[in-house]
Amino acid sequence: MQVEVNPNEDTEWNDILRKHGIIPEKPQDPEPLIQEALIEAERKAYANRLEDKDLDELDALEDEEEEAFLNQYRQKRLAELSTITQASVHNQVYPLQKPDYAREVTESSKSCFVCVNLTSSSSNNVESRLLSEIWRRLAAKFGDIKFCEIRGNMCIEGYPDRNTPTILVYKDGEIVRQVVTLMTLRGTGTRVEDLENLLVEIGALKESDVRLKKQGDDDEDERPVKSSIRKKTATVEDDDDDWD
């Protein structure tokens, strides 16, 4: 006569059967593991609570945090700033000529990220004017990245004006990202912050970079871009030639 055994029951008989390999071990209750993982996540979050704070924010926490703990992060931020300063050798937008492209872009990208803006040949291309302004701000802010600019049809013969502005990002001699017009960002509403997010996404900037604009920061830096764009008519010239 065969006796039915519930292998999930916690009985002395089942313990004997498990010991001899007759029935499988009782599945481990996942709840303790989940609780342990949640506790560990909270511990790490608390331990790293100052990771994204800049020097001013750290100073504001003097009454809330231990001085030794704050000093540890101050030294870390100062070391990061020192590294950034040493790597900031560009800080300008480099106008390109086609014969210099390989040297100034492809070769240069072996030592740093190189971002190229293929601009419009038309002054009526609002997105192109907007990106050129953002390009200047990014170049001044992130001197460890090389920002270059060249007219699209001067860089690539027959390049359609409707595809400008085009962003090409190079690293180690290869194109790692291509953005055709600003429509995949915010169109004519694109801001410096949107390009910063793109640079973080491709690894040109770290999320913890002290130079990045924080959520809730004042938007005054964005206003001159928008107001200057409104001064001209927002029409884009069409190009009848297809680009293959």
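Helices, of at least four residues, and strands, of at least two, are runs assigned by DSSP and numbered from the N terminus. With that in mind, the protein chain of this predicted model can be read along its sequence as the pattern α-α-α-α-β-α-β-α-β-α-β-β-α-α, which comes to 9 helices and 5 strands. Of the 244 residues in the chain, 37% are buried, and the accessible surface comes to about 15500 Å², with 48% of that area belonging to carbon and sulfur atoms. Among the contacts that join residues at least 6 apart in sequence, 67% link residues at least 24 apart.

A helix makes a good starting point. Helix α1 covers residues 12-19, and its buried residues are Asn14, Leu17 and Arg18. When α1 is viewed down its axis, these buried residues fall within an arc of 100 degrees, so they line one face of the helix. The general background is that an α-helix has 3.6 residues a turn, so residues three or four places apart point the same way. On the other side of α1, the residues Glu12, Trp13 and Lys19 are exposed. After the helix comes Gly21, which has a positive phi, near 75 degrees.

The strands offer another kind of arrangement, and β4 is the one to follow here. Strand β4 spans residues 166-171, and because 6 of its 6 residues are buried, this strand is largely enclosed by the rest of the structure. In a regular strand the side chains alternate between the two faces of the sheet. In β4 both faces are covered, with Thr166, Leu168 and Tyr170 buried on one side and Ile167, Val169 and Lys171 buried on the other.

Strand β4 also has pairing partners. With β2, which holds residues 114-119, β4 pairs in the antiparallel sense over 5 bridges, and Tyr170 of β4 is the bridge partner of Val114. With β5, which holds residues 174-180, β4 again pairs in the antiparallel sense, this time over 6 bridges, and here Lys171 stands opposite Glu174. The hairpin formed by β4 and β5 has 2 residues between the strands, and Asp172 in this hairpin takes a positive phi near 55 degrees.

A last stop is Met154, which lies in helix α7, residues 152-155. Because its relative accessibility is 37%, Met154 counts as partly exposed, a class that lies between buried, under 20%, and exposed, over 50%. Leaving aside residues up to four places away in sequence, Met154 touches Gln97 and Lys98. Although Met154 and Lys98 are 56 residues apart along the chain, their C-alpha atoms are separated by 6.9 Å.

Notes
Residues numbered from 1 in each chain as written. Predicted model: local features only at pLDDT ≥ 70, side-chain atom pairs only at ≥ 80, totals over all residues. Heavy atoms only, no water. Buried < 20%, exposed > 50% of the residue type's maximum accessible area, 1.4 Å probe, protein only. Arc of directions from axis to C-beta. Contact = heavy atoms within 4.5 Å. Areas by Shrake-Rupley, 256 points an atom, 1.4 Å probe, with all protein chains shown as cover. Pairing = 2+ DSSP bridges.
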